[in-house]
Every structure is written in C-alpha cells, then in structure tokens.
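User: Please take a close look at the aromatic rings in this model. Which rings pair up, and how are they arranged?

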Amino acid sequence: MSSSDDNYDVLVFGSCIVDFISYVPRLPKVGETIHGTRFATGNGGKGANQCVAAARLGSRSAMIGKLGDDPWGAGYRATLSAEGVNVDMVDIVRGESTGIAQINVADNGDNQIVIVTGANKRLGPSDVLAHPDLFERARILICQLETPLEGTIAALQAFRGISIVNAAPAETDLPRSLLSLATIFCVNETEAALLTDMPSVPDVQHAKAAVHKLRDMGCNTVIITLGEKGAVFANSDSATVYHVKPLKVNKVVDTTGAGDAFIGALAHFVAKYPDAELGNCIAAANRVAAWSVQKPGTQSSFPRVGDVELPADLASLQDQWECI
C-alpha cells in the first residue's frame with residue numbers, strides 16, 4: 001500500500017505504547033503494596049489507541065509513529081496492521097525500547113498510569129518532512145502530547161485539514177503555537193484544570209469557565225470531556241458554550257482508554273459527516289466512549305462497526321446538547 005497515493009479519513013501522528021495492566025481491588029496508597037487479582041498486557045499509547053478507535057468504526061486510518069527493536073515493537077506493528085491501520089510510516093527504531101505503560105485498574109474502574117516513552121521520543125519534524133503528500137491528503141489529523149512537541153507542532157503546521165490536539169498527558173506552559181494551530185483542542189477535566197491554572201474543574205459550570213480561559217490562551221474550538229457528566233464545547237467562531245449530555249452506563253468495568261475511544265470516534269464522525277454540527281459528532285463520540293468503559297482493556301474495549309447503536313443521520317442527536 002502506497003501512503004502517498006491514498007486518501008485517509010484519519011491520520012494520527014503520535015505514540016505507540018505497550019500496556020502492562022494489573023487489576024486490583026483498589027488503587028494503592030503511597031508506599032503501600034497490595035495484592036492484585038489479575039495481570040494482562042495490551043497495546044496502548046494515546047496515538048495508536050485513537051487510530052484504532054477510528055479504524056474500528058470504519059475510518060480509513062494511517063499512523064505515523066515509532067516502536068523499539070524488541071519483540072514488543074514487532075508484535076505491536078503487526079497488530080496495528082491487522083486492525084486495518086496503514087503502518088507504512090510506523091518505524092522500528094534500532095537501539096530504542098518500545099514505549100511501555102504500567103497501569104493499575106481498580107474494581108470501581110479507577111486507574112493510575114505511569115508511562116516510559118522509549119522509541120516514541122524519536123518522533124520529530126523529520127517524520128513530517130518525509131511524508132508531505134500524506135499531510136495534504138488526509139481529512140483529519142490527530143496529535144497528542146506523548147511524543148516531542150517539536151514534531152507535533154511541525155505536523156500541525158504541515159496539515160491543511162481539520163486537526164485535533166488531545167493535550168494529554170497535560171503539560172503546563174504549552175507554546176501558544178500548539179494551542180492556536182489546532183482546529184479542535186480537546187482535554188479532560190484534570191488536564192483543563194492544569195492548563196488553565198484552576199484548582200479543579202469538577203462540574204459543567206467550571207468547565208464553561210475553563211473553555212473561556214483556553215480560548216483566551218489562543219485555542220480555537222475547545223472540547224472538555226467530563227466523564228460521567230458529559231462534555232462541554234465552544235466553536236471557534238462563537239463565545240457560546242454548550243453542554244453535551246452524558247449517557248447512562250449500567251456498569252463501569254474499566255475506564256482505561258475511554259478518552260482515546262472518544263477522540264478516535266470524534267475524528268471518525270467529523271471525517272465521515274463533514275456537514276454535521278460538532279455537538280452531534282461529540283454526542284455520537286460519547287456513545288462510543290460509554291460503550292468502551294463497559295469492557296475491560298484499552299484497544300480491546302473499543303467498539304467495531306455495528307456494536308454501538310447510532311442514527312444514520314447524526315442530526316437526530318440534536319437533543320443531546322444545549323447552550324449553557
């Protein structure tokens with residue numbers, strides 16, 4: 001498959017990380033050792049997660065990323081390809097380890113994560129320059145903050161379509177160029193608080209204030225996800241902030257990767273429904289994320305085409321969001 005000759009719905013410039021997951025009754029306190037109930041490995045990294053989430057929903061997806069020259073890297077690349085993702089631009093880097101994440105998942109669905117980026121830190125501007133046609137032909141670009149900022153900014157500068165920056169894991173003092181280059185800037189409540197220097201963003205009204213702060217910092221369209229409280233957003237051409245209602249979930253099994261399911265789904269719906277209102281795309285993405293938290297694992301919890309009940313026309317989701 002020749003990447004330069006193909007159009008893609010979703011192009012992801014970002015991270016590939018192997019997850020080592022321990023399931024525990026509760027999250028341990030500082031200095032505490034507790035017994036886990038189960039251990040599993042899986043493929044993660046926000047970039048690859050978001051790419052797989054879009055691909056599983058039917059988007060033509062491609063990934064630009066780095067893996068280590070170890071068994072984890074070779075296995076990951078093969079698995080990504082099996083998901084239907086174009087991996088021509090996913091490089092195996094000699095002398096580097098594949099990025100890993102140590103994850104604890106509690107019985108109530110809470111999690112804590114430590115990542116070691118490994119080969120991901122080698123993703124840079126040269127990887128943008130190597131694929132100019134790809135950046136011109138893809139509909140949606142997704143970036144995150146698990147790889148060096150220089151490469152991410154170069155990717156955003158090279159892209160002509162709609163770009164989504166998921167500013168996670170959150171960092172303070174992000175360059176204004178990163179904030180202003182993104183068509184859509186998306187964070188969760190914890191990341192929004194850190195970026196805006198607010199003590200917390202516990203509810204919809206605090207999220208509304210955070211949206212305004214992020215707009216003042218240079219962001220265009222802003223989305224803040226609030227988990228079980230839904231999401232808030234404001235379009236770049238309006239000061240009006242909207243609340244997208246949450247979905248009721250019968251039982252939360254594992255929240256790991258829910259944010260990535262949302263971002264991948266959002267990119268998918270924006271690509272496939274270019275005339276749809278953003279609120280309807282967010283409402284549809286909420287349904288995908290809600291489905292994922294009822295399944296264990298990260299990429300393994302992402303739905304495939306037909307798993308989530310969605311209307312043929314996203315306009316019927318108009319009642320799921322309102323001005324606040």
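Analyst: What follows covers the ring pairs, then the charges that sit over rings. The model is predicted. It holds 7 aromatic pairs.

Take F20 and F39. Their ring centres lie 6.5 Å apart. The planes meet at 10°, so this pair is stacked; the cut-off for stacking is under 30 degrees. The two residues come from distant parts of the chain. F20 belongs to strand β2 (residues 17-24) and F39 to strand β3 (residues 38-44). They are 19 residues apart. F39 has 52% relative accessibility, so F39 counts as exposed, given that exposed means over 50%. The pair is also part of a cluster: ring pairs link F20, F39 and W72.

Now Y242 and W321. Here the ring centres are 5.2 Å apart. The planes stand at 80°, so the arrangement is edge-to-face; that class needs over 60 degrees. Y242 lies in strand β13 (residues 242-244), W321 in strand β14 (residues 321-323). The pair therefore ties together parts that are 79 residues apart in sequence. Y242 is partly exposed, at a relative accessible area of 21%. W321 is at 11% relative accessibility, so W321 counts as buried. The cut-off for buried is under 20%.

Charges meet rings as well. The charged end of R60 sits over the ring of Y8, 5.0 Å from the ring centre. K295 does likewise with W291: the charged end of K295 sits over that ring, 4.9 Å from its centre.

Terms used:
Residues are numbered from 1 along each chain as its sequence is written. This is a predicted model: local features need pLDDT of at least 70, side-chain atom pairs count only at pLDDT 80 or more; totals for chains, interfaces and linings use all residues. Side-chain values use heavy atoms; hydrogens and water are left out. Rings of Phe, Tyr and Trp (its six-membered ring) pair if their centres lie within 6.5 Å; planes under 30 degrees apart count as stacked, over 60 as edge-to-face and the rest as tilted. Helices (H or I, at least four residues) and strands (E, at least two) are DSSP runs, numbered from the N terminus. Buried means under 20% relative accessible area, exposed over 50%, partly exposed in between (1.4 Å probe, protein chains only). A charge sits over a ring if NZ of Lys or CZ of Arg is within 6 Å of the ring centre and within 35 degrees of the ring normal.
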